[in-house]
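Open the model in your viewer and keep the selection box handy. We will go from stop to stop, with something to pick at each one.

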Amino acid sequence: MTSYSRITGTGSYLPPRRVTNDDLAKQLASHGIETSDQWIIERTGIRARHFADPGVNSSDLGLQAAHKALEAAGRTAADLDLIIVATSTPDMVFPSSAAILQNKLGIAGCAAFDVQAVCSGFVYALTVADALIRTGTAKCALVVGAEVFSRILDFNDRTTCVLFGDGAGAVVLEASEEPGILASDLHADGKHVGILCVPGHVSGGEVLGKPLLHMDGQAVFKLAVRVLEESARTTLAKAGKTEADIDWLIPHQANIRIMDGTAKKLKLSRDKLIVTVHEHGNTSAASIPLALDDAVRSGKVKKGDTCMLEGVGGGFTWGSVLLNF
């Protein structure tokens, strides 16, 4: 019988330190940079974000989200035969954060690797895990999005440092005779590398270039709304579905205006849009699984609901996944 993959458990974790817009405004004011709660909310919809304490890495956040997802799925770490971590802020250059997470879970032997597609990372990782399960390479996968973006923010740039936060989200994806992941669509266009990047690297024991986030907000906004709509429609077509079949749109939580714009283009009402950006900020690869877990645990997303997950990120990367929960 044909093997499908289906999400059987979700989990998420936010570091305890919650930073409100007012908190951030005070911090920036000490550096002579002006911003305000009203300015941030009007442009982004963000009210607060969470920052990890020094010494807390992406794998640490991912571990907490993983425990919750495994518990929700009724599984233990020993059941896993695949771990994929989507992150742009790994614990170190190598080994992968996935291998480090595997060790923290107390297991060994299963495949473990990272996927780096920035804010599209979770969609990429989920698609890869689905493919490996469908081919029989894996049966029970842990897919994690984990980020500590606070480490790469330029706090002299108020247009970017107010947007991002830290966190992790995870799902357990298992082989199933019942369809879960219905279709996916992935893309990248490297000519847009300069509009969202961290243009630094390690060489000879030194950091060359600027190891802080740079973004052309207007360029990202224009590109994001267009490609998100196109990808969603492509994925719907692959699955033989239409916009009317979507119960929930769970987009990358980057900016409420991008999210609203995408929902409008797909002719979806606001009450079908899952929004957590006001409390999490942009947590990059963690934002979609964070939003999914919040929606599941709040009772919005129920078993059998059809969900459209979609994201855009530096690269420029974008993609979407349609699934029955």
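**Stop 1: the sheet**

Select strand S6 (residues 140-148) and strand S7 (residues 166-176): S6 and S7 pair in the antiparallel sense over 9 bridges. Keep in mind that this is a predicted model. For one pair to label, take Cys140, whose bridge partner in S7 is Glu174.

Now add strand S1 (4-13). S1 is joined to S7 by 9 bridges, and the two run antiparallel. Label Arg6, which stands opposite Glu174 in S7.

Move to the other neighbour of S6. Strand S4 (residues 82-86) runs parallel to S6, with 5 bridges between them. Here Ile84 has Val143 as its bridge partner in S6.

Add strand S5 (111-115). You now have an open sheet of 5 strands, ordered S1-S7-S6-S4-S5, with mixed pairing. S1 and S5 are the edge strands, each pairing on one side only. On average, neighbouring strands here are turned by 20 degrees against each other, direction ignored.

**Stop 2: both faces of S6**

Show the side chains of S6. How many of its residues are buried? The count is 9 of 9. In a regular strand, side chains alternate between the two faces of the sheet. Colour Cys140, Leu142, Val144, Ala146 and Val148 for one side of S6, then Ala141, Val143, Gly145 and Glu147 for the other. Both faces are covered.

Next, select helix H10 (residues 287-297). H10 lies across S1, S6 and S7, and runs at about 90 degrees to S1.

**Stop 3: the annotated span**

Select residues 113-190. An unreviewed UniProt entry annotates this span as "domain: Beta-ketoacyl-[acyl-carrier-protein] synthase III N-terminal". The span is 23% helix and 40% strand, and its end C-alpha atoms lie 23 Å apart.

**Stop 4: the cores**

Which residues touch the most other members of the largest nonpolar core? Pick Val162, Leu249, Met308, Val312 and Phe316, out of 44 residues in that core. Elements that each supply at least two residues include helix H1 (21-29), helix H2 (37-44), helix H8 (256-265), strand S14 (306-313) and strand S15 (317-324). Helix H7 (217-239) belongs on that list too, and H7 gives the most, with 8 residues.

Zoom in on Leu249. Beyond its neighbours within four places in sequence, Leu249 is in contact with residues including Thr262, Ala263, Leu266, Leu268 and Met308. Lys272, Leu273, Ile274 and Glu310 are also among its contacts.

Finish with the second, separate core of 33 residues. Ile84, Ala117, Ala125 and Ile181 are among its members.

Conventions. Residues are numbered from 1 along each chain as its sequence is written. This is a predicted model: local features need pLDDT of at least 70, side-chain atom pairs count only at pLDDT 80 or more; totals for chains, interfaces and linings use all residues. Side-chain values use heavy atoms; hydrogens and water are left out. A nonpolar core is a set of buried Ala, Val, Leu, Ile, Met, Phe, Trp, Tyr and Cys residues joined through side-chain atoms within 4.5 Å. Buried means under 20% relative accessible area, exposed over 50%, partly exposed in between (1.4 Å probe, protein chains only). Helices (H or I, at least four residues) and strands (E, at least two) are DSSP runs, numbered from the N terminus. Contact means heavy atoms within 4.5 Å. UniProt positions are given in the numbering used here, feature names are shortened, and annotations may be inferred rather than shown by experiment. Two strands pair if DSSP finds at least two bridges between them. Axes are lines fitted to C-alpha atoms, for helices over the stretch in contact, and angles run from 0 to 180 degrees between N-to-C directions.
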